[in-house]
Amino acid sequence: MSSARPRIRRTALTVPAVLLGAALTGCYAGGSTSAEADPEVAPETSISVNLEGKAAAPGEPVKVTLAEGKLKSVAVTAGEGGALAGKISADGRAWISERVAAPGTAYTVEAKDTHGGSDEATFTTAEAEKVNKLTLAPGKDTTVGIAQPLSIVFDHPVKNKAAVEKGLKVSTSNGTEGSWGWLQDHSGKDRVDWRPKEYWKSGTKVTLKADLNGIDTGADGGWFVRDYATTFTIGAAQVVKVDLDGHRLSLHRDGKQVMDIPMSAGTPGGKKASWRGTAVLMSKEGTINMRSETVGLGDAYDKMVDYSMRLTWSGMYAHAAPWNARYFGNANRSSGCLGMSDADASALYGQVRVGDPFEMTGADAKGTVAEGNGYGAWNVSWADWQAKSALK
């Protein structure tokens with residue numbers, strides 16, 4: 001460790017002279033004597049900081065050590081007003097920060113001891129050669145459905161998954177049990193989702209603090225150079241139930257059915273079949289252009305589609321499909337989506353919320369929605385989901 005500049009110096013304590021003498025009535029005692037104690041000088045001491053210079057290694061906790069005596073307080077602040085909290089050791093000789101030093105950051109260390117001495121040291125960490133960033137869902141201050149997970153997609157690979165997960169802190173207004181699980185997003189990027197053991201309770205308030213500044217994500221991933229946070233609230237308890245074989249879709253709110261719609265799902269027996277399992281409404285996209293080549297179906301269609309509700313990244317939607325009206329309620333003849341009349345699609349679109357689960361059952365399917373294809377974590381058992389945490 002290197003010594004900070006300069007040394008802590010304590011103010012010397014001086015004992016004043018004591019005058020010894022007495023006035024005797026009617027006579028003089030023959031003079032007076034005086035004694036002055038030698039100054040009591042507190043020993044010089046110094047602090048050492050484990051990081052120094054203008055290119056200190058980031059990703060390490062800051063450690064301040066006092067040569068003699070006991071520390072009273074230590075403050076480590078960054079150039080833009082940030083601070084690193086920490087704790088003094090039981091013997092009072094050392095202080096260590098709770099979080100690590102971030103890349104490309106100038107820090108000032110101010111230490112005080114129990115005798116009034118103080119000192120200051122500075123250092124700057126090296127810039128990150130590569131920076132990792134992330135995308136958070138759901139958006140901040142939104143209200144979402146009971147199946148919406150917290151989902152984080154990373155720009156670059158994450159090798160140090162445990163270090164990253166330790167920095168992710170979820171709190172809820174009612175102590176909801178949940179777990180992080182690592183998976184590969186449909187885009188091929190690393191992703192980590194936090195889902196409850198069961199669907200959220202309506203009204204739950206959720207906060208994520210992603211204290212990632214200074215975390216090295218590993219080879220090819222780079223460093224985080226900032227923290228992230230988001231908050232959201234769980235809305236009404238709504239579930240959309242899809243019977244692929246019965247060709248019907250129903251909306252349930254607080255356990256009661258409020259809508260029942262005839263529909264036509266994907267043509268069974270090939271790529272045009274629909275998925276089964278639980279999908280989560282990802283977005284309400286309104287009127288969009290759907291082209292078959294974007295989902296690997298050649299030139300089968302190119303249409304403007306109304307009331308589009310995205311269920312997977314691979315292109316499964318619920319939407320209006322008036323061209324398929326003769327099949328509603330009796331056959332599955334779409335290109336993988338859940339099609340219904342304009343009126344029914346409009347009514348459903350107006351009532352569902354991003355984060356609502358679509359529970360799809362039936363044999364007329366091409367498989368189960370994968371974890372990374374939208375929000376497919378609900379198709380994994382709770383035990384298997386917990387096993388996907390890097391901290392288990």
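Strands, here DSSP runs of E at least two residues long and numbered from the N terminus, provide the frame for describing this predicted model. H319 is placed in strand β26, which covers residues 317-320. With a relative accessible area of 5%, this histidine is buried, as the value falls under 20%. When neighbours within four places in sequence are set aside, the contacts of H319 comprise M290, V305, D306, Y307, S308, M309, C337, L338, G339, M340 and A345.

One of these contacts, C337, is joined with H319 in the database annotation, since UniProt, in an unreviewed entry, places the feature "active site" at H319 and C337. The two positions span 19 residues in sequence, yet their C-alpha atoms are not more than 7.5 Å apart, so they gather at one spot. Whereas H319 belongs to a strand, C337 is found in the loop between β26 and β27. C337 is likewise buried, its relative accessible area being 7%. Beyond residues up to four places away in sequence, C337 touches S264, A265, G266, S274, G315, M316, Y317 and H319, and the contact between the two annotated residues thus appears in the list of H319 and in that of C337.

Two of the residues in contact with H319, L338 and M340, also figure in the largest nonpolar core of the model. This core holds 27 residues, of which V242, L249, L338, M340, L348 and F358 touch the most other members. Two or more residues are given to this core by each of β20 (238-243), β21 (248-253), β22 (256-262), β23 (274-280), β26, β27 (338-340), α2 (342-351) and β28 (357-361). The most is given by α2, with 3 residues. In soluble globular proteins, nonpolar side chains tend to be buried together.

The surroundings of V242 illustrate how this core is put together: with neighbours within four places in sequence left aside, V242 is in contact with R248, L249, M263, L338, F358, E359, M360 and T361. Apart from this core lies another, of 24 residues, which includes W180, V192, A210 and F224.

Charged side chains were examined next, and the count of salt bridges comes to 8. In one of them, D227 pairs with R99, and the closest N and O atoms are 2.7 Å apart. Distant parts of the chain are linked by this pair, as D227 lies in the loop between β18 (205-210) and β19 (228-234), and R99 lies in strand β9 (residues 94-100), 128 residues apart. Both partners are partly exposed, with relative accessibilities of 30% for D227 and 28% for R99.

A contrasting setting is found for the salt bridge between D185 and R191, in which the closest N and O atoms are 2.8 Å apart. Here D185 is buried at 8% relative accessibility, and R191 is buried at 0%.

A further salt bridge, with 3.0 Å between the closest N and O atoms, is formed by R248 and D260. This pair connects strand β21, where R248 is located, to strand β22, where D260 is located, across 12 residues of sequence. R248 is partly exposed at 33% relative accessibility, and D260 is partly exposed at 40%. Through salt bridges that share partners, R99, K169, D211 and D227 are joined into one network. R248 additionally appears among the residues in contact with V242, which is itself a member of the largest nonpolar core.

Strand pairing was examined in an open sheet of 4 strands, arranged in the order β12-β14-β17-β16 with antiparallel pairing. Its edge strands, β12 (134-137) and β16 (178-184), each pair on one side only. On average, neighbouring strands of this sheet are turned by 15 degrees against each other, direction ignored. Within the sheet, strand β14 (residues 150-154) and strand β17 (residues 190-196) run antiparallel and are joined by 4 bridges. In this pairing, L150 stands opposite W194 of β17.

Technical notes:
Residues are numbered from 1 along each chain as its sequence is written. This is a predicted model: local features need pLDDT of at least 70, side-chain atom pairs count only at pLDDT 80 or more; totals for chains, interfaces and linings use all residues. Side-chain values use heavy atoms; hydrogens and water are left out. Buried means under 20% relative accessible area, exposed over 50%, partly exposed in between (1.4 Å probe, protein chains only). Contact means heavy atoms within 4.5 Å. A nonpolar core is a set of buried Ala, Val, Leu, Ile, Met, Phe, Trp, Tyr and Cys residues joined through side-chain atoms within 4.5 Å. A salt bridge is a side-chain nitrogen of Lys or Arg within 4 Å of a carboxyl oxygen of Asp or Glu. UniProt positions are given in the numbering used here, feature names are shortened, and annotations may be inferred rather than shown by experiment. Two strands pair if DSSP finds at least two bridges between them. Axes are lines fitted to C-alpha atoms, for helices over the stretch in contact, and angles run from 0 to 180 degrees between N-to-C directions.
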